[in-house]
Amino acid sequence: MRIDILSVVPELLESPFDASILKRAQDANSVEVNIHNIRDYSSNRYKQVDDYPYGGGAGMVLMIEPIAKCIESLQAQRKYDAVVYMTPDGQQLNQKTANHFSLFKNIIILCGHYKGVDQRVRDLFITDEISVGDYVLSGGELAAAVFCDAMIRLIPGVLGNETSALTDSFQDNLLAPPIYTRPADYKGHQVPDILTSGNTPKVEQWREEQSLNRTQKLRPDLF
Ligand code: ADE
């Protein structure tokens, strides 16, 4: 999978991709992440990428020209399955969306900043708009990192234990069961006996029950 991320503050995207699973996935060539500075596509002498909104109002708007140039130069090199805009008014990200996008070969992700992008960018280039929740971030970069993390860990081979993404919360619309590790007794707080019994079928049954109970109690809307 190849992901191209467009941003006016690419520094914000450095560390999320430079550690842990996202770094390992890139080192193993499971995913290639390219970060593009929209400013590099500005034809303006001052590398200007934003301007005042027509009709007045607070905040600046990202201009169409540098964004269009960047997207068009990428699209001239390969075919993209989706051009995603990160925005609080997009479709809310969930595990189903992450699964859907993780199957794509090439994706462009555009991060908004300031008040957002000129509407014509959305009309002309964007195929999907995604939000990470009903709150407003300073830009789309952290949202893009969240979206990429959710997608990349689902690419086959990225997680060491292939089954571990399948047992994540939400993967089957249920929350994950509680998990424990050593010591079995922490100041009198015991690990449930079933987990140390060695009875694998019973452990599986217990986990399923716990998942159902937790979901019913904490997220009944998922049923
Ligand atoms: N940009 C700003 N806020 C956002 C959000 N909640 N989701 C996606 N992109 C955003």
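**Exercise 1.** How many residues surround the ligand, and which are the closest?

*Solution.* This is a predicted model; local features need pLDDT of at least 70, side-chain atom pairs count only at pLDDT 80 or more, and totals for chains, interfaces and linings use all residues. Residues are numbered from 1 along each chain as its sequence is written, and side-chain values use heavy atoms, with hydrogens and water left out.
Step 1: apply the cut-off. A residue is near a molecule if one of its heavy atoms lies within 4 Å of it.
Step 2: count. The ligand has 13 residues around it.
Step 3: name the closest. They are T87, V132, G133, Y135 and L137.

**Exercise 2.** Sort the shell by residue type.

*Solution.*
Step 1: set the classes. Ala, Val, Leu, Ile, Met, Phe, Trp, Tyr, Cys and Pro are nonpolar; Asp, Glu, Lys and Arg are charged; the others, Gly among them, are polar.
Step 2: sort. The shell holds 8 nonpolar residues, 5 polar ones and no charged ones.

**Exercise 3.** Find polar backbone atoms that pair with ligand nitrogen atoms.

*Solution.*
Step 1: recall the limit. A polar contact to the ligand is a pair of N or O atoms within 3.5 Å.
Step 2: check V132. Its polar backbone atom is 3.0 Å from a ligand nitrogen.
Step 3: check G133. Here the distance is 3.1 Å.
Step 4: check Y135. A backbone N or O atom lies 2.8 Å from a ligand nitrogen.

**Exercise 4.** Which strand gives the most to the shell?

*Solution.*
Step 1: list candidates. β5 (82-92) and β7 (128-131) each supply at least two residues. Strands are DSSP runs (E, at least two residues), numbered from the N terminus.
Step 2: choose. β5 gives the most, with 3 residues.

Key:
Polar contact = N/O pair within 3.5 Å; in protein donor to acceptor, adjacent residues only side chain to side chain. Helix = DSSP H or I, 4+ residues; strand = E, 2+ residues; numbered from the N terminus.
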